[in-house]
Amino acid sequence: MHKNFIDGVWCEGQAVRENFSPSDATDLVGLYAQADAQDTRRAITAAEQAQPIWAAYSPQRRADALDLIGSEILARREELGHLLAREEGKVLTEAIAEAGRAGQIFKFFAGEALRVSGEHLDSVRTGIEVDVLRQSVGVVGIITPWNFPIAIPAWKIAPALAYGNAVLFKPADLVPGSAWALAEIISRAGLPPGTFNLLMGRGSVIGQALADAPAVRAISFTGSTATGRRLMESAGPRFARLQLEMGGKNPLVVLADANLEQAVECAVQGAYFSTGQRCTASSRFIVEKAIHQRFVDAVTTRLDSLRVGHALSPDSHIGPVADAAQLQQNLDYIAIGLTEGAVLAHGGQLLKRDKEGHYMSPALFLEASSDMRIAQEEIFGPVACVIAVDDYEAALQVANDSPFGLSAGICTTSLKHATHFKRHVQSGMVMVNTPTAGVDYHVPFGGTKASSHGPREQGRHAIDFFTTLKTAYTQA
Ligand code: ADP
C-alpha cells in the first residue's frame with residue numbers, strides 16, 4: 001500500500017483507493033492511502049513549522065535538493081513514464097516525454113533558486129535607501145488534475161520549493177501513482193521534515209481543507225473552472241493568494257494560404273494527441289472556406305490512420321479516455337453536437353479492444369457554428385469541430401467568441417495575418433504554424449478570461465506567485 005507523506009513520515013490513511021488502468025479495467029496499478037481533513041490539518045501544522053527552516057537553507061542547498069530530484073526523475077523517466085501511461089492512459093512515448101519534462105523543470109528551478117534578486121533604489125527623500133526584497137510566501141497548497149500527473153505537479157512544486165515555501169501536495173484522485181512516485185523521490189532529497197507533504201484523497205475533503213486553512217497562504221490549482229471558482233469562493237474571502245489554471249476552448253485558425261500539410265499536423269496533434277485531454281488542446285478549427293474541403297479531407301484521412309489502443313502498446317497513437325465519467329461526458333457531447341445540427345464527419349464511437357478500457361474514436365464535427373455548445377464548452381476529449389468562415393477577420397472574431405482564452409493558433413504563410421493574430425487574439429499563449437498544445441517549461445504558461453486567474457506559471461515568472469515583495473527603507 002502506498003502511503004501519504006506527512007511531516008517526513010509515511011502515514012496510513014483513513015481509507016484505501018484502488019487505482020485501475022483506463023486501458024484495462026482488470027489492471028490494478030496499486031493501492032493508495034486516502035488522507036482526511038485531520039491528516040490535512042496535521043500536515044499544515046508540520047508545514048508551518050518546517051517552512052522557516054527550509055527558507056533559511058542557503059540557496060545552494062535548495063538548488064542542490066532540486067537538482068537531485070530532477071536528476072533522479074530524468075534517470076528513471078522510462079519507468080516513471082510507464083507508470084504514468086498505465087494509470088492515466090496517454091501513450092508511452094508521450095508519458096516518457098512528460099516524465100522527462102518533469103525532471104527538466106526541477107533542474108530549471110534548481111538554477112532559479114540561485115537567481116532570486118531584488119532592487120536597490122535611492123529614496124525620493126535624501127539620505128534614505130530603499131531595498132525591494134523577495135521573500136517566500138509561506139505554506140502553499142498545490143492541487144493538481146489528472147491529465148499531466150507528473151509535469152503539472154513538477155511545475156508547481158519545483159518553484160514553490162525553490163523559493164523557500166513549504167508544500168502540501170494534493171494530486172488528483174485518479175492518478176495517485178505518479179504523484180506518489182514523485183513524492184517518494186522528493187522525500188529523499190534532504191528537505192527538513194514537513195517541508196513537503198503528500199495528501200492523496202478526495203478534492204472535496206483535502207482540497208477544501210486547504211482552501212479553508214488560514215495557514216495556507218497560497219494555493220496553486222489546475223483543474224476545472226467549476227472547482228477553480230469554488231476555491232476562489234472558499235480561499236478568496238480570507239485573501240489567500242490564488243493561481244488558478246482552468247479550462248480552454250482553444251481555436252486553431254486555418255487560412256487559405258496555409259501550408260496544408262502543416263495545418264493538418266497542427267490540427268491532429270493539437271486536438272487528438274493525449275486523447276484530447278489537455279487544457280491547451282485545439283477543439284475549434286476555424287477554417288477559411290477556400291481551403292475548407294481540402295483541410296477536412298486531409299484531416300479525416302489522417303484520423304483514419306491513427307490507431308486507438310492500450311497506452312502501453314507501441315502500436316497505439318492515442319490511448320483510452322482517462323475514466324468512465326470522462327468517456328460518458330465525451331459521448332454526451334457527441335449527442336449534443338448532433339442535436340445542435342453539426343455533422344459528424346469522423347469517429348465519436350465507442351471502440352472495443354482486447355482489454356476492457358475506455359476507448360473511443362477521435363471525433364470531428366463539421367458545419368458547426370460558434371454559438372453551439374460543442375463550440376463553446378470544454379469537452380476535454382478527442383472531439384473537435386470545424387467552423388467555416390469567409391476570411392481572416394471573421395476567423396479572428398470567431399476565435400475570440402469564447403469565455404476562455406488559454407491558447408490559440410493560426411496556420412498561415414501571411415506575415416501580416418500572423419502578426420495581427422498574435423496581437424489581437426484573446427489568449428495567454430498564441431502559436432503560429434505550430435500546435436496549440438505543447439508548451440515550453442522555461443517561459444510563462446497561462447491564459448486570459450475564464451482560463452486563468454493570478455500570476456503566470458513556469459519559467460522565471462513563476463517567482464511572482466511563489467514570493468512576496470517587501471520594501472525596506474534605511475536611513476544611514
Ligand atoms: P479535473 O477533473 O479536470 O482534474 P477537477 O477540478 O475536478 O478537474 O479536479 C482538479 C483537482 O481539484 C483534483 O485534485 C480534485 O481532487 C481537486 N478538487 C476537487 N474538488 C475540490 C474542492 N472542492 N476543493 C479543492 N479541490 C478540489
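Start by selecting helix 1 (residues 37–56) and helix 7 (residues 203–212), and hide the rest for now. This is a predicted model. Where do the two helices touch? From helix 1, Ala37, Thr40 and Ile44 meet Val205, Ile206, Ala209 and Leu210 of helix 7. Show those side chains as sticks and sort them by class: the contact has six nonpolar residues, one polar and no charged ones.

Now zoom out a little on that pair. Two packed helices are described by the angle between their axes and the distance between the axes. Here the angle is about 40° and the axes are 9 Å apart. The crossing of helix 1 past helix 7 is right-handed.

Next stop: select Asn165. You'll find Asn165 in the loop between helix 5 (151–162) and strand 8 (166–170). Is Asn165 buried or exposed? Its relative accessibility is 0%, so Asn165 counts as buried. Turn on the side chain and look for two polar partners. One polar atom of the Asn165 side chain is 2.9 Å from the backbone nitrogen of Gly138. The side chain also reaches the backbone oxygen of Ala160, again at 2.9 Å. Then bring up the other residues around Asn165: leaving aside neighbours within four places in sequence, its contacts include Gln51, Trp54, Ser136, Thr195 and Phe466.

Time for the ligand. Select the residues surrounding it and you should get 19, with Thr144, Lys170, Asp173, Ser224 and Thr227 the closest. Which side chains should you check against the ligand's oxygen atoms? Try these three:

- Lys170: an N or O atom of the side chain is 2.6 Å from a ligand oxygen.
- Thr227: the side-chain N or O atom sits 2.7 Å from an oxygen of the ligand.
- Trp146: here the distance from a side-chain N or O atom to a ligand oxygen is 3.3 Å.

Last, a look at two backbone oddities. Most residues other than glycine have a negative phi, and most peptide bonds are trans. Go to Phe239, in the loop between helix 8 (225–235) and strand 11 (241–245). Phe239 is not a glycine, yet its phi is positive, about 60°. Switch on the surface there: Phe239 is exposed because its relative accessible area is 70%, above the 50% cut-off.

Then jump to Gln458, in the loop between strand 21 (452–453) and helix 15 (463–466). Gln458 also isn't a glycine, and its phi is positive, near 70°. What is the relative accessible area of Gln458? The value is 0%, so Gln458 is buried.

Note on methods: Residues are numbered from 1 along each chain as its sequence is written. This is a predicted model: local features need pLDDT of at least 70, side-chain atom pairs count only at pLDDT 80 or more; totals for chains, interfaces and linings use all residues. Side-chain values use heavy atoms; hydrogens and water are left out. Axes are lines fitted to C-alpha atoms, for helices over the stretch in contact, and angles run from 0 to 180 degrees between N-to-C directions. Helices (H or I, at least four residues) and strands (E, at least two) are DSSP runs, numbered from the N terminus. A crossing is left-handed if the near helix is turned anticlockwise from the far one by less than a right angle, and right-handed if clockwise. Contact means heavy atoms within 4.5 Å. Ala, Val, Leu, Ile, Met, Phe, Trp, Tyr, Cys and Pro count as nonpolar, Asp, Glu, Lys and Arg as charged, and the others, Gly among them, as polar. Buried means under 20% relative accessible area, exposed over 50%, partly exposed in between (1.4 Å probe, protein chains only). A polar contact is a pair of N or O atoms within 3.5 Å; within protein, one must be able to donate a hydrogen and the other to accept it, and residues adjacent in sequence count only if both atoms are side-chain atoms. A residue is near a molecule or strand if one of its heavy atoms lies within 4 Å of it.
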